[in-house]
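Trainee: Please take me closely through one part of this model, the way its strands are paired, and then relate that to how its helices are packed.

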Amino acid sequence: MSDLRRVTTDTPWEETFGYSRAVELPNGLVLVSGCTSTVDGEMAGGGPYEQTVNAFNVAFAALGQLGLGREDVVRTRLYLTHARDVDDVGRAHKELFDDVRPAASMIIVSGFVDPGLVVEVEVEAFRGEGTA
């Protein structure tokens, strides 16, 4: 599948675990791997709201490398470790996507590799006609 476009970052786990931050398929669908509030290999911290914003900013940076942006997002998945954080995570999602309205899922999970993380996000975007 040589006509795939891949985005890599300096996140150490991409090399260690053998994955790309994002992959664009020939049909214009872009899949962004799970993103957390990790910047330069360190957890950026904050509460659920801040972690959600930081995680989406990681995803937006990957999309930006492919010439896409927030407005091209068609689906989000939000993984949370606690149901009590739904409102904070949902508020961050609304602020980022209220005018975009992607399909979205919010799923409660048992935890992440770093116990300080409380949210991870996945993004799917679509390069429609006229998108560079």
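Mentor: Two strands are said to pair if DSSP finds at least two bridges between them, and a strand here is a DSSP run of at least two residues, numbered from the N terminus. Bear in mind throughout that this is a predicted model. With that said, begin at the hairpin of β2 and β3, where 4 residues lie between the strands and Gly28 adopts a positive phi near 95°. The strands on either side of that turn, β2 with residues 22–24 and β3 with residues 29–35, are paired in the antiparallel sense over 3 bridges, and within this pairing Val23 is placed opposite Leu31 of β3. Strand β3 also pairs with β8, residues 119–126, and these two run antiparallel and are joined by 5 bridges; there Cys35 has Val121 in β8 as its bridge partner. In a regular strand, side chains alternate between the two faces of the sheet.

Turning to the helices, α2 (residues 48–65) packs against α3 (residues 86–97) at an angle of about 40°, with their axes 7 Å apart. Because of that angle, α2 is oblique to α3, and the crossing of the two helices is right-handed. On the α2 side the contact includes Tyr49, Val53, Phe56 and Phe60, while on the α3 side Val89, Ala92, Leu96 and Phe97 are among the residues met, together with Asp88, Arg91 and Glu95. Taken as a whole, the residues of this contact divide into 9 nonpolar, 2 polar and 3 charged.

Terms used: Residues are numbered from 1 along each chain as its sequence is written. This is a predicted model: local features need pLDDT of at least 70, side-chain atom pairs count only at pLDDT 80 or more; totals for chains, interfaces and linings use all residues. Side-chain values use heavy atoms; hydrogens and water are left out. Axes are lines fitted to C-alpha atoms, for helices over the stretch in contact, and angles run from 0 to 180 degrees between N-to-C directions. Angles under 35 degrees count as roughly parallel, over 145 as roughly antiparallel, 65 to 115 as roughly perpendicular and the rest as oblique. A crossing is left-handed if the near helix is turned anticlockwise from the far one by less than a right angle, and right-handed if clockwise. Contact means heavy atoms within 4.5 Å. Ala, Val, Leu, Ile, Met, Phe, Trp, Tyr, Cys and Pro count as nonpolar, Asp, Glu, Lys and Arg as charged, and the others, Gly among them, as polar.
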